[in-house]
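Take a walk through the model below. The path runs from one chain, through the contact between two chains, to a single residue.

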Amino acid sequence: MGLLSDIGRFLLMLKGMFKRPEKASMYWKELMHQCVEIGIGSLGIVAIISVFIGAVSTIQTAYQLVSPLVPLTTIAQIVRDTVILEFAPTLVCIVLAGVAGSRIASELGNMRVSEQIDALEIMGINTKTYLILPKIAAAMLMIPLLVMIAMALGIWGGRLAGTAAGIISPNIFDKGLAADFLPYNVFFALVKGYVFSFIISSVPAYYGYYVRGGALEIGRASTKAVVVSCVLILFADYILSALLL
Amino acid sequence: MIEVKNIQKKFGDKIVIENVSAMMKPGQCNLIIGASGSGKTVLMKCMVGLLTPDQGEICYQGESYFSMSQEQRTSIRKEIGMLFQGSALFDSLTVEQNIMFPLDMFTTDSDSQKLKRVNEVLERVNLKDVNRKFPAELSGGMKKRVALARAVVLNPKYLFCDEPNSGLDPQTSLVIDKLIKDLTVEFNITTVVNTHDMNSVMETGDYILYMYQGKKEWEGTRKDIIFSKNQLLNDFIFASEFLKDAKDMRMLEETGKMPNVRNMDELTRP
């Protein structure tokens, strides 16, 4: 019953977002602000994770490919495909659920508890449109871009680690990268990026917007938002893989 | 003018407000008083449309708020200013941006016109050199004054104040009360104040609605309070011996049996 009521309220929240903005320029300003918060604000952690994930993938793949019959270019191919198909979209989005998701939930939760949302409502502003829509739109604009950056940095990290450890030369790595490359994999990763970015922004927005109580409840809502987002990301990952691959 | 007609509100099985009616007139401070949990805030939230009553009507200029279309409600809300108990200033915006926010959202004024208006209202609430400060850098009283400035920046017809003195020292409370009273008279605003500050009641209450356990127990003016025989009201307002003495003194003043010692001009006149 609780789950059904949550789903119903979540859908009503989404429906409530699509109202005519009071003043387009203010909404545009808020969208740009959220793009900076979500996009630029998460760039550092995305870059660090991507480089190290790529580096670790190269070393571990090389460690497992012990047969002299397997060409070294295979390492680059495996690193490329795992980074593009899984690490860049899924792992990065799980991290972003923690970084951006908890920020969204706690920001909205704090606004709710300190009556800032009520203050906006009293002014005649549709708070769902003004506060939630720009966050979801910004996430759907910026997170796929972050996924693309994560792909590039992950592969670069793998190349760097392979060269530094003497596992594979840059030339062979580059040759492996170009071999049997499927552009569809990038498309698939971007589809995942869009779906996950919707989850990362809308689920925490829901938990933050409807929080009741005080500081303790904001913390709980934030944690719940991250946990639910992560589970939904993994579930959506499975569904998308089953449908699109 | 705001009319409250037979409002009832329940949360689950608990009746929080039961058949409350009142008439709030423009140009006067309409006070809702009562102990914590008596339903004051719920009544105010019903009046501004943040909560929907189960029964009854809230009428703005004779028109029922809950029968209005969404557009009409939005336009009424643009005429409402509200001062929240916790100020409800936007944390991420400076004082100037906080006050400018309603102007940005609802006017087409130029930046210089908006800034001029912001400075006007800041001056009106006696605040200087705080434009660039964030809410976290302000004292409780300053936050209340900034919130009041934001509430009146669009020249509202209706001003709602939810416990404007909570958490403030007596002197700052007086300043806030005076500001609310002055703005109400100056701009002929229909002001509704939720309070349990007895000083506010006796200094600003043009119309007072006393709520007890969700019901309207008493209504009248601040003068009527002095002579009221309502035991619940007297127990609530004049809870201490000091306040009881103050009431007796005020009663003697009002009946002319004792000079008004607070009016020094009158006493020192030759």
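In this predicted model, 88% of the contacts in chain A with a separation of 6 or more join residues 24 or more positions apart. Helices supply the regular elements of chain A: there are eight of them, and zero strands. Read along the sequence, the pattern is α-α-α-α-α-α-α-α. The C-alpha trace of chain A spans about 70 × 40 × 30 Å along its principal axes. Of the 245 residues in chain A, 42% are buried.

Now turn to where chain A meets chain B. The contact takes 13 residues from chain A and 15 residues from chain B. On the chain B side, the elements giving two or more residues are α2 (70-77), β6 (80-83) and α3 (95-106). Which of them gives the largest share? It is α3(B), with four residues. By residue class, the side of chain B that touches chain A holds ten nonpolar, two polar and three charged residues.

Stay with chain B and pick out one residue. Glu186(B) lies in helix α6 of chain B, which covers residues 170-186. Is Glu186(B) buried or exposed? Count the neighbours: 11 other C-beta atoms lie within 10 Å. The cut-off for exposed is 12 or fewer, so Glu186(B) is exposed. Next, look from Glu186(B) to Met258(B). These two residues are 72 residues apart along the chain. Their C-alpha atoms are separated by 32 Å.

Methods: Residues numbered from 1 in each chain as written. Chains lettered and ligands numbered in written order. Predicted model: local features only at pLDDT ≥ 70, side-chain atom pairs only at ≥ 80, totals over all residues. Buried ≥ 20, exposed ≤ 12 C-beta atoms within 10 Å, placed from the backbone. Contact = placed C-beta atoms within 7 Å. Nonpolar A, V, L, I, M, F, W, Y, C, P; charged D, E, K, R; others polar.
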